[in-house]
Structure formats: C-alpha cells, structure tokens
Amino acid sequence: MSLVGRPNATSGMGVADHTKKTFMELKQKKVYRYVIFKVDEKKREVLVEKTGGPGESYDDFTASLPENDCRYAVFDFDFVTSENCQKSKIFFIAWSPSTSRIRAKMLYATTKDRLRRELDGVHYEIQATDPTEMDLEVLRDRAH
C-alpha cells in the first residue's frame, strides 16, 4: 500500500483565499471583532468558520469556541492606554483544549505556522488549552 499523496495529520494545510481576505477585513476595515478558523481535512485548508460583528464582546467570542475541539481565532482587542489613548491589538489564539482528540491537536499544531505566516498584522499570540489561559485579563496584560 502506497502512502504517497495520502493526507495525514502531520502534513500542513493550505490557507483559503477567503480566510486571508476575512482577516484583512478585520484588520483594515474593522468589520469584525473576531474570526474563528477551522481546519477542513477534506478540502485540506484552513477555512473561516464564524465571524463576530464589531459590537460583539469577548464573552461572545469565547462562547463560540467549541469545548472539545481545536480552532484558530483572531480577536481585535480594543483598550484605552494609561495616557487615555484608544488602541487596538490583534491577538491570534490557538485554541487546543485538553479534551480534544490527539489527531486534531496534531493537525492544528502542524498547520498553525502556515496560517500565522498568512495573517500579517497580528500583534500577539496566545496558545490556550483551557479558558483561563485566554481570559480577558490575559489579553489586557499582554496588550499594555
């Protein structure tokens, strides 16, 4: 049996054009508060699973992440500096809950760098295996 050309969990995925375009819309046009990305094993690429409008909160975002499966996400975090300046930082979050399947963790781990290279303009990266590792306070601390 030949393994040539057979997809496996360790070969990274492509990044769909729509995925890159959606990120640019978040970054430049501020039309989204967050974007959640999913690896589609059949299509062999990273696709947009969900977007959140500018009025959505961080709680809306975290509630959109699956409890037992991996995802990538970007979140546009607005805050006010100690000098009273309105700022915005884009966070890339690699969500890999400890309860997710090993295959999913491997797939997302091997695809992460490929996706990150395509998302030009991310300020910070967070790797989270449970909600406390990506709490709003964590973002606040990193952004200041």
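This note walks through a predicted model, point by point.

1. **The main core.** Start with the largest nonpolar core, which has 21 residues. Inside this core, the residues with the most contacts are F37, Y72, V74, F92, L115 and L119. Five elements give two or more residues to it: helices α1 (17-29) and α3 (102-118), and strands β2 (34-40), β4 (71-80) and β5 (86-95). Helix α3 supplies the largest share, four residues.

2. **L115 up close.** What does L115 touch, once residues up to four places away in sequence are set aside? The list is V15, T19, F37, V46, Y72 and F92. Of these partners, F37, Y72 and F92 also appear among the core residues with the most contacts.

3. **A second core.** Another core lies apart from the largest one. This other core has 17 residues. Among them are F61, F75, I126 and A128.

4. **The largest pocket.** Its space comes to about 150 Å³. Which residues line the largest pocket? They are Y58, D59, T62, L65, P66, W95, P131, M134, D135 and L136. By type, the lining divides into seven nonpolar residues, one polar and two charged. Helix α2 (residues 58-63) gives the most to the lining, with three residues.

5. **D76, a buried acid.** D76 sits in strand β4. Is D76 buried or exposed? Its relative accessibility is 2%, and the limit for buried is under 20%, so D76 counts as buried. The D76 side chain has a polar contact with the side chain of S88, at 2.4 Å. Beyond its neighbours within four places in sequence, D76 is in contact with L26, K30, Y32, R33, S88, K89 and I90.

6. **R33, a buried base.** R33 is in the loop between α1 and β2. Its relative accessible area is 14%, so R33 too falls in the buried class. Two polar contacts of its side chain deserve a look. One goes to the side chain of D78, at 2.9 Å. In the other, a polar atom of the R33 side chain lies 3.2 Å from the backbone oxygen of P54. With neighbours within four places in sequence left aside, R33 is in contact with L26, G52, G53, P54, E56, V74, F75, D76 and D78. L26 is thus a partner of R33, and L26 is also a partner of D76.

7. **D69, between the extremes.** D69 belongs to the loop between α2 and β4. How accessible is D69? The relative accessible area is 22%, which makes D69 partly exposed. A polar contact of 3.2 Å links its side chain to that of R71. D69 also touches W95, P97, S100 and A104, not counting residues up to four places away in sequence. W95 is one of the residues lining the largest pocket. D69 and K50 are 19 residues apart in sequence, and their C-alpha atoms are 15 Å apart in space.

8. **D120, out in the open.** The loop between α3 and β6 (124-128) holds D120. With 56% relative accessibility, against a limit of over 50% for exposed, D120 counts as exposed. Leaving aside its neighbours within four places in sequence, D120 is in contact with F23 and K27. D120 and I90 stand 30 residues apart in sequence; from C-alpha to C-alpha they are 10 Å apart in space.

9. **Two positive phi values.** Where do R44 and N84 lie? R44 is in the loop between β2 and β3 (45-52), and N84 is in the loop between β4 and β5. Phi of R44 is near 60°, a positive value in a residue other than glycine. N84 is not a glycine either, and its phi is positive at about 70°. R44 is partly exposed, with a relative accessible area of 28%. N84 is exposed, with a relative accessible area of 64%.

How values were computed. Residues are numbered from 1 along each chain as its sequence is written. This is a predicted model: local features need pLDDT of at least 70, side-chain atom pairs count only at pLDDT 80 or more; totals for chains, interfaces and linings use all residues. Side-chain values use heavy atoms; hydrogens and water are left out. On a 1 Å grid over the protein atoms alone, a cavity is a set of points where a 1.4 Å probe fits but cannot get out, and a pocket is an open set with protein on both sides within 12 Å along at least five of seven lines; lining residues have an atom within 4 Å of a point. Grid points are joined across faces, edges and corners, and a volume is the space filled by probe spheres set on the points. Ala, Val, Leu, Ile, Met, Phe, Trp, Tyr, Cys and Pro count as nonpolar, Asp, Glu, Lys and Arg as charged, and the others, Gly among them, as polar. A nonpolar core is a set of buried Ala, Val, Leu, Ile, Met, Phe, Trp, Tyr and Cys residues joined through side-chain atoms within 4.5 Å. Buried means under 20% relative accessible area, exposed over 50%, partly exposed in between (1.4 Å probe, protein chains only). Contact means heavy atoms within 4.5 Å. A polar contact is a pair of N or O atoms within 3.5 Å; within protein, one must be able to donate a hydrogen and the other to accept it, and residues adjacent in sequence count only if both atoms are side-chain atoms.
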